[in-house]
Amino acid sequence: MVSGQENYHPTRNSNTYVRVILPLAIPKPYTYYVPEELVEEVQFGVRVEVQFGRSKYYTALVMEVLTDSHGHQLKSISAVLDREPLITSIQIQLWQWMADYYCCTLGEIMQAALPANLKLTSETILTLSPDFDEDFSDLDDKAYMIAEALNIQNEITINDVQKILDQKTVYPIIKALLDRRIIYLKEELKAKYQPKEVSCLRFQEPYLSEPDTLTAAFDLTSRSERQTQALMAYIQLYKKQEFVRRQDVYKLVNVDSSVLKAMQKKGIFEFYDRQVSRLGNYEEETVEAKELSAQQSRALEQLEVQFDTKQVVLLHGVTGSGKTRVYIEMMKKVISNGGQVLYLLPEIALTTQIISRLQKIFGQDVAVYHSRLNNQERVELWQSVLQGKPIMLGARSALFMPFLKLDLIIVDEEHDPSFKQNDPAPRYQGRDAAIFLATLHQAKILLGTATPSIETFYNAKKGKYGFVEMSERFGGIQLPEIIVADAKAELQQRKLQAHFTTTLIDELKAAIGRGEQAILFQNRRGFAPYYQCQVCAWHSECIHCDVSLTYHKLHHNLKCHYCGYQTKIPIACPECGSKELTIRGFGTEKIEDDIQVYLPDAKVGRMDLDTSRSKHSFAKIINDFEEGRLDILVGTQMVTKGLDFENVGVVGVLSADQLLQFPDFRAGERAFQLMTQVSGRSGRKHKRGKVVIQAFNPQHPVIANVVRNDFMSLYLREIQERQAFQYPPYFRLIHLTLKHKKPNVLNDGARLFVMLIKEKLGERVLGPAVPYISRVRGYFLLTVLVKLEKDMKLIRFAKAVILDAIQKVKAKEGLSGVRINIDVDPN
C-alpha cells in the first residue's frame with residue numbers, strides 16, 4: 001500500500017479510507033482518507049477527485065474501501081464523481097492479471113481501458129461546444145463563469161478552472177457540463193462520423209408521380225430485352241423497398257451499368273446518392289438470417305459438443321466458408337438467454353462491413369467500440385454495456401468494457417498481429433487477454449480463422465482447445481485458382497511491365513472486360529521506398545530514425561513512416577552534387593499510378609494508411625468499391641482483412657518475396673496468412689476467382705503451400721523449426737528494448753542490465769543486439785531477448801528479475817534516463 005502524505009488532513013472524523021488507481025505509470029495503488037461528508041457516497045468502482053503531488057489533481061478509481069490507514073497520515077479525497085460504480089469487480093481482476101502478466105502498472109491499464117472523459121487531469125484542455133448557443137441563463141454561477149471564460153479564451157485547462165473558481169474541487173462541475181454537452185475535451189472535436197452513401201436510382205417524371213404512364217416506359221425499352229428486364233426488376237424491388245440501389249438491380253437481372261445509363265438517357269431513370277446510417281441507432285427493419293448450409297449446421301453441432309468439455313474452441317474455416325453465419329447463430333442463442341456477446345475483430349478495417357450485416361439481424365442490440373470514436377461516444381457505449389447491451393463489436397480495446405453477463409466471446413481472424421498492442425504499455429495480446437476474460441466470466445470463447453496462428457493450432461492439436469473445421473466454401477464455390485508468375489524470368493526476358501508481369505496484366509484486362517473487379521496487394525505504402533543518387537549511391541534518410549525516407553508523389557515530398565518527419569525533394573545530391581537522382585522500389589501509390597498506364601480506362605482506388613486515416617475516408621473507399629464505382633483497389637494488408645466483395649474476379653500479390661524475406665521467425669507463417677487471406681477475396685459469391693502471385697523465387701515452399709492451400713504442411717515445417725530453435729509454442733519469449741538519445745549511455749545501461757539478469761537467468765538471455773532499425777524518433781535502440789521454458793514458476797521468477805534489474809539500472813548514476821520497455825509474448 002502506498003500512501004499520499006503531503007498536505008494530509010489534520011483532523012479525522014471518519015474511519016474510512018480508499019485505495020485508488022491513478023491513470024499514471026506508478027507501481028501501486030495509493031490510499032486516501034475519506035472525509036465524513038463523503039463516506040456515504042464512496043463505494044467500489046466510483047471515481048474520486050484526488051490531489052497527487054503538490055499541485056496536480058486527477059480522477060482516480062476506487063478499487064477498495066478500507067477501515068484502517070495502518071498508521072499513515074493521508075491526504076483526503078476532494079469529491080466523489082459517480083453515484084454508481086463505473087467498473088465491475090471482474091474488470092479489476094482482468095486489470096490485475098494484465099498488469100502482472102505483461103509487466104506494466106494498473107495506472108497504464110486504466111489509461112488504456114477508460115474513455116478520456118472518465119479520467120480527467122489538471123492538464124486536460126476544455127473547449128466550448130460549437131453547438132452551444134451562448135444562452136447562459138439556466139447555468140448556475142460556477143458553470144456560468146466557466147462557460148463565460150471559454151467564450152472569451154476558446155480553451156482552458158482544468159488548472160485554469162480551479163483558478164477562475166478559486167477552489168480545488170471542480171471535477172463535479174466539469175462533469176455536469178460535459179454531460180450536458182456544453183463543453184468538450186479539446187481532442188474530441190474531430191470530424192464526426194459521416195454517413196454512408198449508396199448509389200440509387202428512381203423513376204424520372206412523369207413515371208415517378210404517375211404510375212399509369214409506365215406503359216410508355218416499356219415502349220421505350222421494347223427493342224432491348226435487357227432494358228425491359230431491368231425495368232421489371234426495378235418495379236419489383238420498388239414495391240418491397242424504401243429505395244432501390246443500382247447494385248440491387250445489377251444482382252437481380254445480371255445487367256451492368258451501361259444498361260441503366262441507356263435508360264437514364266431515355267428519361268426513364270435518374271441516378272442519385274442516398275445517405276444511409278452506418279453507425280448509431282439502427283432504424284431499419286431487421287431481417288432473418290439466411291438458412292444454414294449443411295456444412296454450417298454440422299459446424300454448429302460440433303461446436304456444441306466441443307463446448308461441453310472445452311472453454312476455448314478453434315473454428316478453422318477456409319475463406320468464404322460462411323463462418324460469420326455460424327457466429328450469428330451462436331450469438332442468437334446467447335442473447336435469447338439474456339447473455340452478452342463480445343465480438344472481437346483485429347482492427348476497424350473489418351468493422352465497416354460486419355456492422356451492417358449484424359445490425360440487419362440484431363438491430364439496436366449491436367454496439368460498436370473502436371479507437372476512432374470520439375470521447376462522448378465512448379462514454380455512452382461504456383454506459384450502455386453496464387446497462388446490459390447484448391452485443392459489443394470492436395477491436396482489442398473492446399475487451400475492457402464493463403460486461404455484466406458475458407457468456408460468449410468471438411475472436412474473428414484470431415491469427416491477426418493487430419490483436420497485439422505494441423506501444424505504449426500495456427503491450428497486451430488481445431486474443432490471450434480475451435481468453436482470460438472468458439475464464440473470469442465462465443464464458444465460452446470461439447477463435448475463428450482461415451489461417452490459424454501456429455500457437456493456436458498447436459493448442460488445438462494438443463487437446464487444450466476444441467477444434468472444428470469448415471473445409472468448403474459456401475454455396476459450393478471453389479477456392480480460387482492460384483497462378484504463380486515468375487517475375488525473375490520475365491525480367492530476364494524483358495517482358496516485365498513496370499512492376500507487373502504479363503500474366504497479371506492479361507488477367508486484369510480480362511476481368512475488367514467481363515465487368516469484374518480486381519484487388520492488387522502490396523504491403524508497402526507510399527510511391528517509392530527510397531530516393532537515390534545514381535552517381536554516389538547516396539539515399540535519403542530520416543534525421544531522427546535509422547530508416548530511408550519514402551517518396552510520396554501526392555505531396556511531392558519524402559516522409560518517414562516511423563516518426564512522421566517530412567522534407568522536400570532535393571534538387572541535387574547533398575553528397576556529390578549530382579542531379580541524377582531517382583526513385584527505387586514501389587509502394588501502393590506508385591502501383592495506383594502505374595496501373596493506369598496499362599489499363600487507362602479502369603477506375604483505380606487505393607486503401608492504405610495514407611488514404612484511410614479517418615472513419616469517413618475508409619468507409620468511402622469500401623463503399624465505392626462495393627458500389628462498383630472502382631474497378632481496381634490497390635492496398636496494403638488492410639485489403640486482406642476479411643472484407644467481402646462479391647464481384648472480385650482477380651487478386652494480384654505484387655511482391656511475395658518481400659513478405660518472405662522479413663527477418664522474423666514468424667515470416668513464413670505471416671506470409672502464408674497474408675497471401676491466403678488476400679486470395680480469399682477473389683470469387684466469393686458467384687464463381688471461382690483467380691489469384692496471381694508474382695515472385696522472383698516462385699519455388700519457395702511457402703508459396704507452394706499457398707497454391708495448394710496446404711496449411712498442415714506449413715504447420716509441420718514451422719513447428720519442427722521452432723522446437724529446434726526454442727521459439728513459441730515450445731518456449732515463451734520476453735523482448736526487451738532499451739532506449740536513450742546518447743549511444744554511449746545506452747551501451748552502459750545495456751551492459752549493466754544484461755549482467756544483472758544473466759546472473760539469475762543465465763544462457764536464456766540473448767543480447768544486447770542492435771535491431772534491424774537501430775534509431776527511432778531520435779532514440780538509439782538495443783534489444784535483449786529472453787527465451788524461457790514453459791514453466792510458470794520460472795516465467796514469474798524471470799519477470800521479477802527483469803523488473804528488479806530495471807530499478808537498479810535507473811538508480812545507477814547517469815543511467816536514470818535509459819528507458820527499458822518489456823514486451824511479453826512479442827509478435
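Here is a short chat about helices, cores and cavities in this predicted model.

Reader: Before we start, what are the ground rules for the numbers?
Author: Residues are numbered from 1 along each chain as its sequence is written, and side-chain values use heavy atoms, with hydrogens and water left out. As the model is predicted, local features need pLDDT of at least 70 and side-chain atom pairs count only at pLDDT 80 or more, while totals for chains, interfaces and linings use all residues.

Reader: How far does helix α1 reach from its first C-alpha to its last?
Author: Helices here are DSSP runs (H or I, at least four residues; strands are E, at least two), numbered from the N terminus. The expected span of a helix is 1.5 Å times one less than its number of residues. Helix α1 covers residues 89-101, so 13 residues, and the expected figure is 18 Å. Its actual reach is close to that, at 18 Å.

Reader: And which residue just after α1 has a positive phi?
Author: In α1 itself, Ile90, Leu94, Trp95 and Trp97 are among the buried residues; buried means under 20% relative accessible area, exposed over 50%, and partly exposed in between (1.4 Å probe, protein chains only). Just past the helix, phi turns positive, at about 55°, in cysteine 103.

Reader: Which helix gives the largest share of the largest nonpolar core?
Author: A nonpolar core is a set of buried Ala, Val, Leu, Ile, Met, Phe, Trp, Tyr and Cys residues joined through side-chain atoms within 4.5 Å. The largest one has 124 residues, and those touching the most other members are Trp95, Leu342, Met392, Met675, Phe753 and Ile757. Nine of the core's residues, the largest share, come from helix α24 (residues 743-761).

Reader: Why does the length of α24 agree with what a helix should span?
Author: Its 19 residues, at 1.5 Å a residue, should span 27 Å, so the separation of its end C-alpha atoms agrees, at 26 Å.

Reader: Which residue follows α24 with a positive phi?
Author: Buried residues of α24 include Leu746, Phe753, Ile757 and Leu761. Their cover includes β31 (731-740), β32 (765-769), β34 (779-789), α25 (792-811) and β35 (819-824). After the helix, phi is positive, near 60°, at glycine 762.

Reader: How much space lies in the second largest cavity?
Author: On a 1 Å grid over the protein atoms alone, a cavity is a set of points where a 1.4 Å probe fits but cannot get out, and lining residues have an atom within 4 Å of a point. Points are joined across faces, edges and corners, and a volume is the space filled by probe spheres set on them. There are four cavities of 30 Å³ or more. The second largest holds about 50 Å³.

Reader: Which elements give two or more residues to its lining?
Author: Among the lining residues of the second largest cavity are Val20, Ile21, Lys28, Leu106 and Gly107. The elements that give two or more are β2 (17-21) and α2 (106-113).

Reader: Is alanine 217 buried or exposed?
Author: Alanine 217 is found in helix α6 (residues 214-220). Setting aside residues up to four places away in sequence, alanine 217 touches Tyr207, Leu231 and Ile268, where contact means heavy atoms within 4.5 Å. Because its relative accessibility is 0%, alanine 217 counts as buried.

Reader: How far apart are the C-alpha atoms of phenylalanine 625 and phenylalanine 645?
Author: Phenylalanine 625 is in helix α19 (residues 615-626), and its contacts beyond four places in sequence include Gln517, Ile519, Phe645 and Val648. Phenylalanine 625 and phenylalanine 645 are 20 residues apart along the chain, and their C-alpha atoms are separated by 7.9 Å.

How values were computed: 1 Å grid on protein atoms, 1.4 Å probe; cavity = no way out; pocket = protein on both sides within 12 Å on 5 of 7 lines; lining within 4 Å.
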